[in-house]
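Open the model in your viewer and keep the selection tool ready. This tour says what to select at each stop and what is there.

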Amino acid sequence: MPVSVMEEKRILNDGTVGQAAGGKGSRLVYVGYNVKQDCCTGCQGCLEVCPAQCISFGPFASINRSFCVQCGSCANFCPACAIEWVEETVEE
Ligand code: SF4
Ligand code: SF4
């Protein structure tokens, strides 16, 4: 049974490797939200908006993807645009 992209992201959020996508010979590996630590100013605002309380701090913000529900609140909030959605394509 095919799964939607969102379902793929949920599956892959726990670190398991990806559902085939993009045709034979390639697959997408969704990594999830990531903090670009060189951009983080340390305001800690993302900790306040995270509904899953999965962002820790010290000395920069860091996301525990095992508990992230991928709501995007942190990325939408971050005044430094330091939080990005990371996806990788891996050729097989
Ligand atoms: S909101 Fe952005 S700049 Fe502020 S602590 Fe979080 S990642 Fe860093
Ligand atoms: S995407 Fe949502 S649940 Fe995940 S770290 Fe950001 S605010 Fe928290």
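A residue is called buried if 20 or more other C-beta atoms lie within 10 Å of its own, exposed if 12 or fewer, and partly exposed in between, with C-beta atoms placed from the backbone. By that count, 13% of the 92 residues of the protein are buried.

This is a predicted model, in which local features need pLDDT of at least 70, side-chain atom pairs count only at pLDDT 80 or more, and totals for chains, interfaces and linings use all residues. Residues are numbered from 1 along each chain as its sequence is written, while chains are lettered from A and ligands numbered from 1 in the order in which they are written.

**Whole chain**

Colour by pLDDT, the predictor's confidence in each residue, from 0 to 100. The mean for the protein is 79, and 68% of its residues reach 70 or more. Now show helices and strands, which are DSSP runs numbered from the N terminus (helices H or I, at least four residues; strands E, at least two). There are three helices and four strands. Along the sequence they follow α-β-α-β-β-α-β.

Select helix α1, residues 5-12. Among the elements, α1 has the lowest mean pLDDT (45), and α3 has the highest (98). Widen the selection to residues 1-22, where pLDDT stays under 50. Where pLDDT is low, the predicted coordinates should not be read in detail.

**The core**

Next, select Y33, V35, C46, C50, I55, A61, I63, C74, C78, A82 and I83. These eleven residues form the largest nonpolar core, a set of buried Ala, Val, Leu, Ile, Met, Phe, Trp, Tyr and Cys residues joined through C-beta atoms within 7 Å. The elements β1 (26-35) and β3 each give two or more residues to this core. In soluble globular proteins, nonpolar side chains tend to be buried together.

Centre on C74. Two residues are in contact if their C-beta atoms, placed from the backbone, lie within 7 Å. Beyond four places in sequence, C74 is in contact with Y33, C46, V49, C50, I55 and I83.

Move to L47, in helix α2. L47 is partly exposed because it has 14 C-beta neighbours inside 10 Å. The C-alpha atoms of L47 and C74 are separated by 7.8 Å, with their positions 27 residues apart along the chain. Leaving aside neighbours within four places, L47 is in contact with I55 and F57.

**The two ligands**

Which residues come nearest to ligand 1? Select C40, C43, C46, A61 and C78, out of 14 residues around ligand 1. A residue is near a molecule if its C-beta atom, placed from the backbone, lies within 6 Å of it. This shell has ten nonpolar, four polar and no charged residues. Ala, Val, Leu, Ile, Met, Phe, Trp, Tyr, Cys and Pro count as nonpolar, Asp, Glu, Lys and Arg as charged, and the others, Gly among them, as polar.

Jump to ligand 2. Of its 15 surrounding residues, C50, C68, C71, S73 and C74 come nearest. Here the shell has twelve nonpolar, three polar and no charged residues.

**Backbone stops**

Most residues other than glycine have a negative phi, and most peptide bonds are trans. Select Q53, in the loop between α2 (45-49) and β2. Its phi is positive, about 50 degrees. Q53 is exposed, because 9 other C-beta atoms lie within 10 Å.

Go on to Q70, in the loop between β3 and α3 (73-77). Phi of Q70 is also positive, near 60 degrees.

Finish at P59, between β2 (55-57) and β3 (61-63). A cis peptide bond joins G58 and P59, with omega about -5 degrees.
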